[in-house]
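Biologist: I am new to this structure, and I would like to learn how to read its features one at a time. Could you take me through them, giving the general idea and then the case at hand?

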Amino acid sequence: MKVRTRSSAIIGTLCLVASLALTTASADEPATPRQAVKVALKKVAMAKNPVAGTAGPGGTIWIAERAGTVRVLGDQGLGEPVLDISAETTTDGERGLLGIAFDNGFAHFYISFTNRNGTSTVDEFAVRDGKIQPDTRRTVLTQTQPYSNHNGGDIAFGPDGYLYIAFGDGGSGGDPHGNGQNLGTLLGKLLRIDPSGAKPYAIPPGNPFVGDPKAKDEIWAYGLRNPWRFSFDAGTGDLLIGDVGQSAWEEIDWAPASSKGGENYGWSQMEGNHPFRGGIEPANHVPPIHEYGRNGRGCSVTGGYVYRGTAIPNLKGHYVFSDYCDGTLRTLQMENGKVTGVNDLAVNGGSVASFVQDGRGELYVLDLRGSVSRIDPA
C-alpha cells in the first residue's frame, strides 16, 4: 500500500486528518489558474475503508474494502458484500485487499490482495449474469513480499486486453535489496500477463524482456518504488502511474499507447528527477511528466484517471489525481506527454486512497476513512 516510508503507517493510521487544502508545489509547475474547472464532491455512499474500485457489468460500480469485502454501488448506496475474503487477508502494515478489476468483456473478475503470510496474490473468478461464481476461483499469480509495505497491488486491464499488475519494490525504505533496477524480480515493476492464454497465465509475446535470460518475462516496465495507482486513458490508451516517493519527491509517470514497454522510471537510482542517495541516473531513465515536493502537506501521491465523462465538459482530457496526506484534488493538462498546466480543483477528498472511473467516464473518489464521493459539476 502507499506509505510515508519512515512511518510505514499511512494506510494503518486511519485517523489521519487529510482535510487540508494546501497546494503542494511542483519544481517545474507551469503558471496556470488556481482553479481552472469548478467541481463539487457529492457523497454517494459510506464504506469500511474503501480502497479500490472498478466499473462493473450493467453500468455498476464495484468497491473493494480493505479488510477483504467487495460491494456494489447502487442508488441506495452500497449493497451487501458480493465477495468476502476477510478470513484470508490481514490489514497490518499496508496489507489487505488492494485492487479489483474486470476483464474487458466482464467475463472474469480479478482480486489483488496480500494473504495471511503477506504474499501478494492475484485470483480470478468467472462471472455469469453479472455475478461472481465462487466455485471457479483460481490463483493466477503470487509474489512473496519481504516487508509489509510497498506492496503496490493495483490491477487493471489495458486496451490491449492484457492484465497489468503493479508491485512495489518490496518495502522497508530506500529499496535495500535493489529490486527497482533488478530485472530478475517482479518487485518494483509493472507486469503484463494474459490470464486467459494459459493456466495460470501466458506471457504476451510482445513483452519487452521475452527471451532475456536475466529478466522476468512478465515485466512491462521497471524502476518503480510503490506504484500505488495506475490507469489507462480511455480516450487515448496512454498509461499514467502515480509512484509514491521516498522522502522528498512524488511523481507521475506516463507512457504513450504506442509504447512497446521496457520503460525504466529510475527508482532507486532516482527519486523523481533527482538522484537518490548518490544514485547515478540510468542512461535509459524515463523521467516523470510531473513531480511535486514534500514541502507542503503532500506525502503520498494517489494516481487517478484522465477524465472522459460528459458531466463536466471543461474537465475533459485532464488527468485527475490527489495525495493521501493532503487530499486536495488536482489535475494535469497534457499534450503529447508534456504537462501544459497544473490545476487545483479546490475540493478535498480526505484520505484519498483511490479513484474509480465508471463506464461513462465519470470519476469517484474513495476516502479511506469511509466516504465514496462522485466528482460533479459545481
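Modeller: Let us begin with the pockets, keeping in mind that this is a predicted model. The largest pocket has a volume of about 700 Å³, and of the 33 residues that line it, those closest to its centre are Thr54, Ala55, Phe157, Tyr305 and Gln357.

Biologist: Which strands each supply at least two residues of the lining of the largest pocket?

Modeller: Strand 2 (50-55), strand 7 (97-102), strand 11 (155-157), strand 15 (227-232), strand 21 (301-306) and strand 25 (352-357) each do so. When the lining of this largest pocket is sorted by class, it has 15 nonpolar, 12 polar and six charged residues.

Biologist: How much space lies in the second largest pocket, and which residues line it?

Modeller: The second largest pocket holds about 240 Å³ of space. Its lining is made of Val44, Gly59, Thr60, Ile61, Leu73, Gly74, Asp75, Asp358, Gly359, Arg360, Tyr364 and Arg374, which by class gives four nonpolar, four polar and four charged residues.

Biologist: How should I read the interior, and which residues of the largest nonpolar core touch the most other members?

Modeller: The general idea is that, in soluble globular proteins, nonpolar side chains tend to be buried together. Here the largest nonpolar core has 35 residues, and Leu83, Leu97, Ile100, Phe109, Ile111 and Ile252 are the ones that touch the most other members. At least two residues of this core come from each of strand 2, strand 3 (61-65), strand 7, strand 8 (108-114), strand 9 (120-128), strand 17 (249-255), strand 21 and strand 22, with strand 7 giving the most, namely four residues. Another core, of 19 residues, lies apart from this one, and its members include Val122, Leu141, Phe167 and Ala215.

Biologist: With which residues is Phe109 in contact, once its neighbours within four places in sequence are left aside?

Modeller: Phe109 is then in contact with Thr54, Trp62, Val70, Leu83, Ile100, Ala101, Phe102, Asp123, Glu124, Phe125, Val127 and Ile132.

Biologist: Where should I look for a disulfide, and which parts does the pair tie together?

Modeller: A search of the whole structure finds one disulfide, which joins Cys299 to Cys325 with an S to S distance of 1.9 Å. Cys299 lies in the loop between strand 20 (290-293) and strand 21, while Cys325 lies in the loop between strand 22 (319-323) and strand 23 (328-335), so the pair ties together parts that are 26 residues apart in sequence. A residue counts as buried when its relative accessible area is under 20%, and with 3% Cys299 is therefore buried, as is Cys325 at 6%.

Biologist: Which peptide bonds are cis, and where do they sit?

Modeller: One cis peptide bond joins Lys199 and Pro200, with omega about 5°, and Pro200 has its place in the loop between strand 13 (189-193) and strand 14 (219-222). Another cis peptide bond joins Trp267 and Ser268, where omega is about 5°, and Ser268 is found in the loop between strand 17 and strand 18 (270-271).

Biologist: What is the phi of Arg277, and is this residue buried or exposed?

Modeller: Arg277 has a phi near 50°, which is a positive value in a residue other than glycine. Arg277 is found in the loop between strand 19 (274-275) and strand 20, and at 62% relative accessibility it counts as exposed. Asn336 likewise has a positive phi, of about 55°, although it is not a glycine; Asn336 is in the loop between strand 23 and strand 24 (338-348) and is exposed, with a relative accessible area of 76%.

Notes:
Residues numbered from 1 in each chain as written. Predicted model: local features only at pLDDT ≥ 70, side-chain atom pairs only at ≥ 80, totals over all residues. Heavy atoms only, no water. 1 Å grid on protein atoms, 1.4 Å probe; cavity = no way out; pocket = protein on both sides within 12 Å on 5 of 7 lines; lining within 4 Å. Points joined across faces, edges and corners; volume = space filled by probe spheres on them. Nonpolar A, V, L, I, M, F, W, Y, C, P; charged D, E, K, R; others polar. Disulfide = S-S within 2.5 Å. Buried < 20%, exposed > 50% of the residue type's maximum accessible area, 1.4 Å probe, protein only. Core = buried A, V, L, I, M, F, W, Y, C linked by side-chain atoms within 4.5 Å. Contact = heavy atoms within 4.5 Å.
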